[in-house]
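Let us walk through this structure together, one piece at a time. Keep the viewer open and turn the model as you read.

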Amino acid sequence: MVDPARAARLAQRIKVIVAEALRKQVKEPGVENITLTEARVTNDLQHATLYYTIFGDEEAKAEATASLEKSRGILRREVGKNLTIRLTPTLEFIADEIPETATHLEELIREAKARDAELAAQAAQAKFAGDADPYKKAEDDEE
């Protein structure tokens, strides 16, 4: 097992290497829209997972995903050239769903704030159903 801090540093280095290789060496269509958001490496340094986002419509996303799969070997070769570790990790690309999830959460928060404002407006206009103080007091019992 490797120190987790070393694995994290290696993951960031792999992210930079793959991003540069995508920009300079991969000639597949659609890779210019790819942004690498995060990289993770297992503690044994055998496997690297790269998360990416793609700007564009669904057709552009499908084209970019296919281009990434085609260029996986080129990217792994570049990682192997630029790292000083014994074994080159395998690369796995996963589409990052964080932007879509964040947008959805922002919409839910906006909706909750609007409902809270409506409830506060109703509470400001609310009146008691009975007396202002509905509890019996000792003075009431003496009468």
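**From salt bridges to sheet and core**

We can begin with a charged side chain: Glu-38 is partly exposed, with 27% relative accessible area. Before going further, please keep in mind that this is a predicted model. The partner of Glu-38 is Arg-40, and the two side chains meet in a salt bridge of 2.8 Å, N to O. Arg-40 is partly exposed as well, at a relative accessible area of 45%. Side chains of opposite charge can pair when their charged atoms come close.

How many salt bridges does a search of the whole structure find? The search finds four, and the pair just described is one of them. Another joins Glu-69 to Arg-72, where the closest N and O atoms are 2.2 Å apart. Glu-69 counts as partly exposed, with 37% relative accessibility, and Arg-72 is also partly exposed, with a relative accessible area of 27%.

A further salt bridge links Arg-115 with Glu-111, and here the closest N and O atoms are 2.9 Å apart. Both residues belong to helix H4, which covers residues 98–124, and they sit four residues apart, about one turn of the helix. Is Arg-115 buried or exposed? Arg-115 counts as exposed because its relative accessibility is 54%, and the cut-off for exposed is over 50%. Glu-111, at 40% relative accessibility, counts as partly exposed.

Now turn to the sheet. This is an open sheet of three strands in the order E1-E2-E3, and its pairing is mixed. Strand E1 (34–41) and strand E3 (90–95) stand at the edges with a single partner strand each, so one side of each has no neighbour in the sheet. On average, neighbouring strands of this sheet are turned by 25 degrees against each other, direction ignored. Strands of a sheet pair through backbone hydrogen bonds, either parallel or antiparallel. Strand E2 (residues 47–54) and E3 run parallel, joined by six bridges. To see where they face each other, look for Ala-48, which stands opposite Leu-91 in E3.

On the way from E1 to E2, pause at the loop between them, where Leu-45 is found. Most residues other than glycine have a negative phi, and most peptide bonds are trans. Leu-45 has a positive phi of about 60 degrees although it is not a glycine. Leu-45 counts as buried, because its relative accessibility of 8% falls under the 20% cut-off.

Next, place helix H1, residues 4–24, into the picture. H1 lies across E1, E2 and E3, and runs at about 150 degrees to E1.

That brings us to the largest nonpolar core. Which of its 26 residues touch the most other members? They are Ile-14, Val-18, Leu-75 and Leu-91. At least two residues of this core come from each of H1, E1, E2, helix H2 (58–70), helix H3 (72–82) and E3. The most come from H1, which gives eight residues.

Ile-14 makes a good last stop. Leaving aside its neighbours within four places in sequence, Ile-14 is in contact with Val-41, Ala-48, Leu-50, Val-79, Leu-83, Pro-89 and Leu-91. Two names in that list, Ala-48 and Leu-91, are the residues that stand opposite each other in the sheet.

How values were computed:
Residues numbered from 1 in each chain as written. Predicted model: local features only at pLDDT ≥ 70, side-chain atom pairs only at ≥ 80, totals over all residues. Heavy atoms only, no water. Pairing = 2+ DSSP bridges. Axes fitted to C-alpha atoms, helices over the stretch in contact; angles between N-to-C directions. Contact = heavy atoms within 4.5 Å. Buried < 20%, exposed > 50% of the residue type's maximum accessible area, 1.4 Å probe, protein only. Core = buried A, V, L, I, M, F, W, Y, C linked by side-chain atoms within 4.5 Å.
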